[in-house]
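Q: Before any particular feature is discussed, how should a model of this kind be read?
A: Let us begin with the terms and then turn to the case at hand.

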Amino acid sequence: MLFAVISGFVLAVLVPRLSSVLGAKIGWCLALLPAVLFGYFLTFWAQVTNGQVVLLSHEWIPSLGINLNFMVDGLSLMFALLITGIGTFIFIYAGCYLQGHKDIHKLLMYLLAFMGAMLGLVLSSNLISLFIFWELTSFTSYLLIGFNHEQEKARKAALQGLFITAGGGLALMAGLILLGHLGGSFELNELLAQGTDIQQQPLFLAMMVLVLLGAFTKSAQTPFHFWLPNAMAAPTPVSAYLHSATMVKAGVYLMARLQPMMAGSEAWMLTLSLFGGVTMTVGALMAACSTDLKRILAFSTIMALGTLTMLIGIGTPHALEAAMVFLLAHALYKGALFMAAGTLDHATGTKDVRDLGGLRKYMPQTTLFIALAALSLAGIPPLFGFIAKELMFESALGAPWLSGLLIGLSVITAIGIVAAAALVAIKPFYGALKPTPKTPHEAPLSLRLGFTILAIVGLLLGLMPGLVTPLLQAAVTAIGGGPAAEPELALWHGFNLPLLLSGLALLCGGLLYHYWERVRDPLAAALRPLAYGPERGYERMMDGLVALAQWQTRILQNGYMTHYILTILLTTIALLAYAFWSEDAFVYSLSFEGVRFYEVVISLLMIVAVVYAGATHLRLGSVAAIGVLGFAMAMIYVFFSAPDLAITQVLVETLTVIMLVLVLFRLPGFQYLSSPLVRCRDAAVAGAFGVLVTMMVLTVNQSSLPGEGITAYLVENSYVAAHGRNIVNVILVDFRALDTLGEIFVLALAAIGVNAMIRFRWETQK
Amino acid sequence: MRSDNSIILQTATRLLVPLLLLFSVFLLLRGHNEPGGGFIAGLVASSAFALHLFAFDASSTRKLLKVESQLLMGAGLLLALLSGMVGVVFRGQPFLTSQWGTFYVPGIGELAVSTPLLFDIGVYLVVIGVVSTILLSLDKVEE
């Protein structure tokens with residue numbers, strides 16, 4: 001299991017090498033991995049559909065309670081199968097779609113890493129590792145949206161997606177930690193076993209809001225929905241995989257996952273059904289009045305995410321069942337539609353439905369299968385989408401509250417989505433042929449394979465829903481918190497209200513499509529505040545953020561060495577003075593007993609050196625005086641038997657003087673450039689700093705530090721445990737090796753910085 | 001630098017540089033039990049290169065280093081990291097847990113090897129790399 005999750009990341013590293021070896025076949029070859037993983041996850045089918053939950057455990061950071069524990073139940077198995085199954089076709093598709101693109105290996109690399117992260121997300125049973133995979137999906141999504149990074153639009157969309165999802169991720173992190181503390185465990189299976197007890201905790205509501213912020217941003221719920229249509233700047237395989245079939249469903253997954261704990265909470269149910277209902281309506285209507293194929297599909301994805309959220313919010317067993325059926329149906333038809341839309345773009349050079357028409361004769365296969373997928377989207381029998389839509393209507397009718405409102409929203413949604421489906425499947429293919437940038441032609445097999453198979457599966461499941469009912473039952477069991485009845489999925493449920501509503505929606509949707517040219521503009525105008533208002537808010541916030549950053553950079557990072565030093569010293573002075581004043585901490589006792597003669601001499605020498613360094617007009621003299629200070633310090637180390645420190649001090653002093661000498665004679669002659677007032681200020685700051693540091697040293701000498709036992713421990717264990725008699729060295733390379741590692745990294749960074757700065761000036765001067 | 005200046009310095013440097021480098025290795029290896037260690041040894045070795053830079057010029061110091069100074073930093077960091085990974089990979093212990101072992105080397109006898117020593121060698125390389133990178137780039141300003 002661990003290997004199944006990690007294999008995506010491992011293969012991702014190898015892609016650049018593989019792509020030069022395999023050339024054009026790279027897509028087909030990489031598709032083998034998700035295909036094999038799909039087979040691997042199928043082996044869990046029997047166990048999981050029997051009602052078992054498979055737990056696999058790997059310790060990661062046991063001391064912090066962070067483990068790589070994986071859990072396979074109905075819900076995670078369904079997601080894992082979707083991720084790997086659709087992933088297989090996506091890789092084949094991407095290999096052809098971007099054939100010859102100079103960065104194709106990067107795209108495939110990110111896609112593989114994403115697949116690994118997504119699998120980790122849905123299989124994790126530890127909250128912390130779940131969160132880490134969650135963030136990894138946001139991050140890979142950022143890289144993928146920004147794939148065409150030469151375009152400003154793509155960069156902007158990538159940043160927007162990252163900002164919204166990672167911002168929500170921050171809230172989610174707080175929420176998950178809170179959840180772990182409230183429930184007393186970071187393991188999902190232990191938390192789920194507690195049932196709804198967690199709702200009694202006083203901080204339950206805060207936790208819920210934080211978790212939902214994470215889930216809503218990820219799953220593009222209104223008012224955070226705007227990042228998803230913009231994310232269509234990514235190449236089509238990415239949109240098909242991340243931004244419709246898998247990643248955006250992570251939020252839905254999380255809500256479904258936590259449903260057994262949240263069930264019955266009014267706040268949870270109300271928030272989810274209201275936000276979900278509004279999101280789905282906005283999505284459906286925006287889909288119906290967009291013109292870009294991919295944007296139409298993106299808005300219809302928002303519709304689907306809203307529907308799923310609403311169904312989880314309604315929370316009746318029937319609604320949960322509807323959610324799972326809808327999830328499966330949507331992944332199938334939306335993956336197919338995106339790939340088909342990309343194929344259209346590939347074959348004709350445009351994605352605007354207004355510029356497409358009459359392609360039926362040129363692309364017969366695409367026409368057929370896009371129609372099949374679109375029928376499923378519109379919810380027309382005998383496709384799987386129809387079953388999902390019927391169940392949705394039934395659930396809205398059976399909602400414990402707000403039933404009327406939810407039914408109304410559902411019907412509007414269905415109308416919009418029928419029109420959107422017609423826009424995608426009918427408009428480009430029928431009517432008069434319109435001139436396109438490229439001569440239309442049927443696409444190669446590797447482009448068509450994915451959507452052909454997904455569309456056929458959609459039809460197959462509509463005719464024989466029994467194929468997946470065991471899995472759906474297991475999934476509903478997982479989110480319902482108890483054994484669920486076997487879902488009764490059928491195309492014909494008798495003549496009832498849902499069927500009537502379906503018919504009504506179909507009729508109105510058909511009319512909407514018929515009058516589309518006339519209705520589109522007024523509808524879009526009416527929706528503008530709801531659809532684009534949040535985006536404008538986001539842009540205003542970003543502008544404010546940038547302005548704030550510029551302001552504080554001007555203040556803090558102004559490029560003057562004097563200001564930096566002054567800022568650091570003044571901050572330290574203020575903090576130290578505050579600590580002394582508020583704690584009334586200053587204690588000292590001075591005794592000059594036992595002070596040896598040569599210590600006095602060294603101290604006097606240091607004072608003279610410091611005064612000279614400050615007063616002289618000679619740079620070399622100043623450097624030499626500071627050198628004297630350093631060597632005198634080394635002498636003091638020697639007196640107090642610290643040879644290692646003394647040697648280091650001597651060597652560092654030597655090298656510092658050498659470096660200073662190297663730059664010294666490049667500097668212009670000595671001059672007074674600052675006014676007397678500024679010099680007085682500097683003297684005052686320096687004096688205050690010196691006084692405070694002296695006070696601190698005196699006080700520290702008097703107080704006993706926490707961790708008194710550490711010194712004794714180090715002395716005792718240095719030879720016994722670490723085989724070294726030089727305690728200083730043992731501390732550096734063994735006891736506190738991690739600190740040393742950090743320090744040498746900082747050293748290396750500093751050297752790179754010096755090198756870069758000097759080389760930059762050197763090269764610009766040349 | 002001013003390569004035409006001091007024959008005395010150049011001659012002394014030719015003798016001193018090998019001695020200083022040898023001394024730095026000595027300090028590095030004894031560091032665990034006596035004063036010394038990677039950081040100090042690295043500084044000694046760096047001062048040898050600094051001396052060389054003063055006596056000759058940057059290009060001959062680069063030649064003496066044999067490799068790019070940045071490469072030394074990278075190699076040192078990598079070595080320090082890998083020494084920490086030994087315990088993780090072979091024993092499943094936390095990162096940077098020390099591992100100790102002795103090998104029999106024909107002709108020399110028992111040889112004690114440990115990951116802290118590898119770590120210290122990493123520190124040594126990083127320090128040499130850092131100081132010589134800074135010195136060489138500062139020297140470049142003059143050209």
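A: Two residues are in contact if their C-beta atoms, placed from the backbone, lie within 7 Å. The model is predicted: local features need pLDDT (the predictor's confidence in each residue, from 0 to 100) of at least 70, side-chain atom pairs count only at pLDDT 80 or more, and totals for chains, interfaces and linings use all residues. Residues are numbered from 1 along each chain as its sequence is written, while chains are lettered from A and ligands numbered from 1 in the order in which they are written.

Q: How many residues does each chain bring to the contact between chain A and chain B?
A: Chain B gives 37 residues and chain A gives 37 residues. On the side of chain B, helices α2 (38-55), α4 (69-91) and α5 (115-142) each supply at least two residues; helices (H or I, at least four residues) and strands (E, at least two) are DSSP runs, numbered from the N terminus. The largest share, 16 residues, comes from α5(B).

Q: How do the residues on the side of chain B that touches chain A divide by chemical class?
A: Ala, Val, Leu, Ile, Met, Phe, Trp, Tyr, Cys and Pro count as nonpolar, Asp, Glu, Lys and Arg as charged, and the others, Gly among them, as polar. Here there are 21 nonpolar, 12 polar and four charged residues.

Q: What is the mean pLDDT of chain A, and what secondary structure does chain A have?
A: The mean pLDDT of chain A is 88, and 99% of its residues reach 70 or more. Its secondary structure comprises 31 helices and two strands. Among the elements of chain A, helix α29 (residues 709-722) has the lowest mean pLDDT, 80, and helix α10 (residues 204-218) the highest, 94.

Q: Is P235(A) buried or exposed?
A: A residue is buried if 20 or more other C-beta atoms lie within 10 Å of its own, exposed if 12 or fewer, and partly exposed in between, with C-beta atoms placed from the backbone. P235(A) is buried because 23 other C-beta atoms lie within 10 Å. It lies in the loop between α11 (227-230) and α12 (236-245) of chain A. Not counting residues up to four places away in sequence, P235(A) touches Y97(A), L98(A), L107(A) and F147(A). P235(A) and Y97(A) are 138 residues apart in sequence, yet 8.7 Å apart in space, C-alpha to C-alpha.

Q: Which backbone geometries merit attention?
A: Most residues other than glycine have a negative phi, and most peptide bonds are trans. A220(A), not a glycine, has a positive phi of about 50°. A220(A) lies in the loop between α10 and α11 of chain A, and it counts as buried because it has 27 C-beta neighbours inside 10 Å. P223(A) is placed in the loop between α10 and α11 of chain A, and a cis peptide bond joins T222(A) to P223(A), with omega about 5°. Another cis peptide bond joins P381(A) and P382(A), with omega about 10°.

Q: Where does K66(B) lie, and is K66(B) buried or exposed?
A: K66(B) lies in the loop between α3 (58-65) and α4 of chain B. Its phi is positive, near 70°. K66(B) is exposed because 8 other C-beta atoms lie within 10 Å.

Q: In which sense do β1(B) and β2(B) pair?
A: Two strands pair if DSSP finds at least two bridges between them. Strand β1 (residues 100-105) and strand β2 (residues 109-114) of chain B pair in the antiparallel sense over six bridges. F103(B) stands opposite L111(B) in β2(B).
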